Amino acid sequence: MKAFTRLDGLVAPLDRSNVDTDAIIPKQFLKSIQRTGFGRYLFDEWRYLDHGEPGMDCAERPRNLDFPLNHPRYWQVSILLARENFGCGSSREHAVWALDEYGFRCIIAPSFADIFFTNCFKSGLLPICLPIDVVDKLFRQVAAKPGYRLRVDLPAQTVTTPGGEAFGFEVDPFRKECLLNGWDDIGLTLCHADDIRAYEARRRQEAPWLFA
Amino acid sequence: MAGKTLFDKLWDAHVVRGDPDGTTLLYIDRHLVHEVTSPQAFEALRLAGRQPWRLNSIVAMPDHNTPTDPGFTTIADPVSRLQVETLDANARALGLRYFPIGDARRGIVHVVGPEQGATLPGMTLVCGDSHTSTHGAFAALAFGIGTSEVEHVLATQCLIQKKAKAMLIQVDGQAGPGVTAKDLVLAIIGKIGTAGGTGYALEFGGAAIRALSMEGRMTVCNMAIEAGARAGMVAVDDTTLDYVRDRPFSPQGVLWEQAVTAWRDLRSDDDATFDRIVTLDAATIKPQVTWGTSPEMVVAVDERVPDPAREPDPVKRAGMEQALRYMGLRPNTPMTEIQLDRVFIGSCTNARIEDLRAAAAVIQGRKVAASLKQALVVPGSGLVKQQAEAEGLDRIFTAAGFEWREPGCSMCLAMNADRLLPGEHCASTSNRNFEGRQGAGGRSHLVSPAMAAAAALAGHFVDVRTF
């Protein structure tokens, strides 16, 4: 997994609540058996005016110029500013792969759906929860200032505005450690293989029907 | 010391090891696998030179991409076909327990798991699919995971987790005639919101939940995720045991007796404490219909499309306005005036035998409205289909003008050929009314099977209680 430490990135706003993973990456792209190739179809139904299908050349497709990511001021973004309950709905990790491949490294919102939140860490994406009033303020600042950037410091757990105002955020210590080091969860878990075997041996006695 | 919740009991029984900060290695008893969220996990496992930790914990089948045309022989879409063939190949290479296309037991993974007894009380059960919460109806801890976690479970039989908080949703009283499990859960989501359950495991209790069949409880738990909760669950009782007994994967003989003794304890202790309790009175709940693009955008069938002008919260108001634009609806329109283009009866929420019986009971002897372009019934599994045919339900549906299809996820998410066209309104027994969910530009209204059946006959929504 990619490590995440610090990021100084351009911010794009997505001003709607309950953005679901169907919107982040529509179902027709989930037919792929690859882990890559999703970035160009990120937010497909909002970004393009035609209907997208896997394999389409997106350079030729008509763009929805009202959608923030299509505006030149938001090219080369790496931070997405979003609203409540971002990433709700389907468990598809393709949503995270699409955001990652597009270039996002960090998403800031007042709240996230649980499965999406967990999936982010698996691709080295940092989801940050900030209070609603802070997110409101950031939305106002992004709108007011083209080229608006934020500095995200994972070791210090802060988000800092261009004006120097810093906001602290919470992150689970274990997930933080994994992100900072780019650790692979499976490798870590297999360090405890003996514990897993011991659990199985005990459980086999207590509840043998579970092992049939 | 306070007693334990059902969630506490399930959690505690599966802790392999715990760190002081609460990070827990949780053992997974059952892993259900389908074609969409597994190929990258199997490939990564292979590239790392790893083997599945416990093969017999896995049950796999294709469901999302599979055609539903009667007697289909091939998948026309080459991309869909490759995904199903990839699961075929992975299942063969690893020797998985597998229900391929052509096996009568195949169907939607959340219908087949319980039907086969692969879902048992007291289990931890995961699947790369958010509607895995369905299996919590069996007093199991069941939740959806992403593809990286699918790989993690394959490789280690465990997940790294932090314990969620516990919420009790107590539905007291008795639901009136025509009010189903689907209406109860839509009313719950309407009350707590689509993020109301975020960070919680839900337990559904109260007289109205106890009165539900296992099919009804699965419908309720299925939609826990639409309230933001990864897991929903219901305590064990005789209804649970009667359902589980004598299923192909269920324990038999002495093991059954031993299991039942353990399962009887799978309920929250009387003195257990919850982080949050929400109560509803089933007697006040009417048949529900969604009007917007989130399951929380729901009203009773005798109400009107809400008016955003009356919403004080600006973010919510903007969401409502956006939803109404997408749905092509005007505020204050009576729900019963919404004209429909298609009706879909199916999905992991409502494609079990009881759902088909409820719909057929409304339809019997009547005809689908001429204004409808299509009315589909897609059974949840091959065995549900067989059972329905043995009861003659298929003939009731087809005589009325419904299409009787092969099992699969179908128009719930339109990964196969069944989908809405832009602008079409659909009465759907599925679980998500998101933008584009049932086809780009499609407009979904979530309802119970009985309500969908009545709407199909009328061509618009009607109150099934007076239909």
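Visitor: In chain A, what share of the contacts with a separation of 6 or more comes from residues 24 or more positions apart?

Guide: This is a predicted model. In chain A, residues 24 or more positions apart account for 64% of the contacts with a separation of 6 or more.

Visitor: How many helices and strands does chain A have, and what does its C-alpha trace span?

Guide: Chain A has 8 helices and 7 strands. Along the principal axes, its C-alpha trace spans about 65 × 45 × 25 Å.

Visitor: What percentage of chain A counts as buried, and what does the chain expose?

Guide: Buried means under 20% relative accessible area. Of the 212 residues of chain A, 58% fall in that class. The chain exposes about 8,400 Å², with carbon and sulfur atoms supplying 52% of that area.

Visitor: How many positive and negative side chains does chain A have, and how far apart do the centres of the two sets lie?

Guide: There are 26 positive and 29 negative side chains in chain A, and the two centres are 2 Å apart.

Visitor: Turning to chain B, how do I read the strand order of the open sheet of 4 strands?

Guide: Two strands pair if DSSP finds at least two bridges between them. In chain B the order is 11-10-9-12, and the pairing is parallel. Strand 11 (231–233) and strand 12 (276–281) of chain B are the edge strands, each pairing on one side only. From one strand to the next, the twist averages 20 degrees.

Visitor: How many bridges join strand 9 to strand 12 of chain B?

Guide: Strand 9 (residues 165–172) and strand 12 of chain B run parallel and are joined by 6 bridges. As one case, B:Leu168 has B:Ile277, in strand 12 of chain B, as its bridge partner.

Visitor: Which strands does helix 6 of chain B lie across?

Guide: Helix 6 (residues 181–192) of chain B lies across strand 9, strand 10 (200–205) and strand 12 of that chain. Its angle to strand 12 of chain B is about 125 degrees.

Visitor: Why is helix 4 of chain B described as largely enclosed by the rest of the structure?

Guide: The description follows because 8 of the 8 residues of helix 4 (residues 109–116) of chain B are buried. Among them are B:His110, B:Glu115 and B:Gln116.

Visitor: What covers the buried residues of helix 4 of chain B, and which residue follows the helix?

Guide: The cover includes strand 3 (30–33), strand 6 (124–127), helix 8 (214–222), helix 9 (238–244) and helix 13 (382–390) of chain B. Helix 4 of chain B is followed by B:Gly117, which has a positive phi, near 75 degrees.

Key
Residues are numbered from 1 along each chain as its sequence is written. Chains are lettered from A and ligands numbered from 1 in the order in which they are written. This is a predicted model: local features need pLDDT of at least 70, side-chain atom pairs count only at pLDDT 80 or more; totals for chains, interfaces and linings use all residues. Side-chain values use heavy atoms; hydrogens and water are left out. Helices (H or I, at least four residues) and strands (E, at least two) are DSSP runs, numbered from the N terminus. Buried means under 20% relative accessible area, exposed over 50%, partly exposed in between (1.4 Å probe, protein chains only). Contact means heavy atoms within 4.5 Å. Accessible areas come from the Shrake-Rupley method with a 1.4 Å probe; for residues, only the protein chains shown count as cover. Lys and Arg count as positive and Asp and Glu as negative; His and the chain ends are not counted. The place of a charge is taken as NZ of Lys, CZ of Arg, CG of Asp or CD of Glu. Axes are lines fitted to C-alpha atoms, for helices over the stretch in contact, and angles run from 0 to 180 degrees between N-to-C directions.
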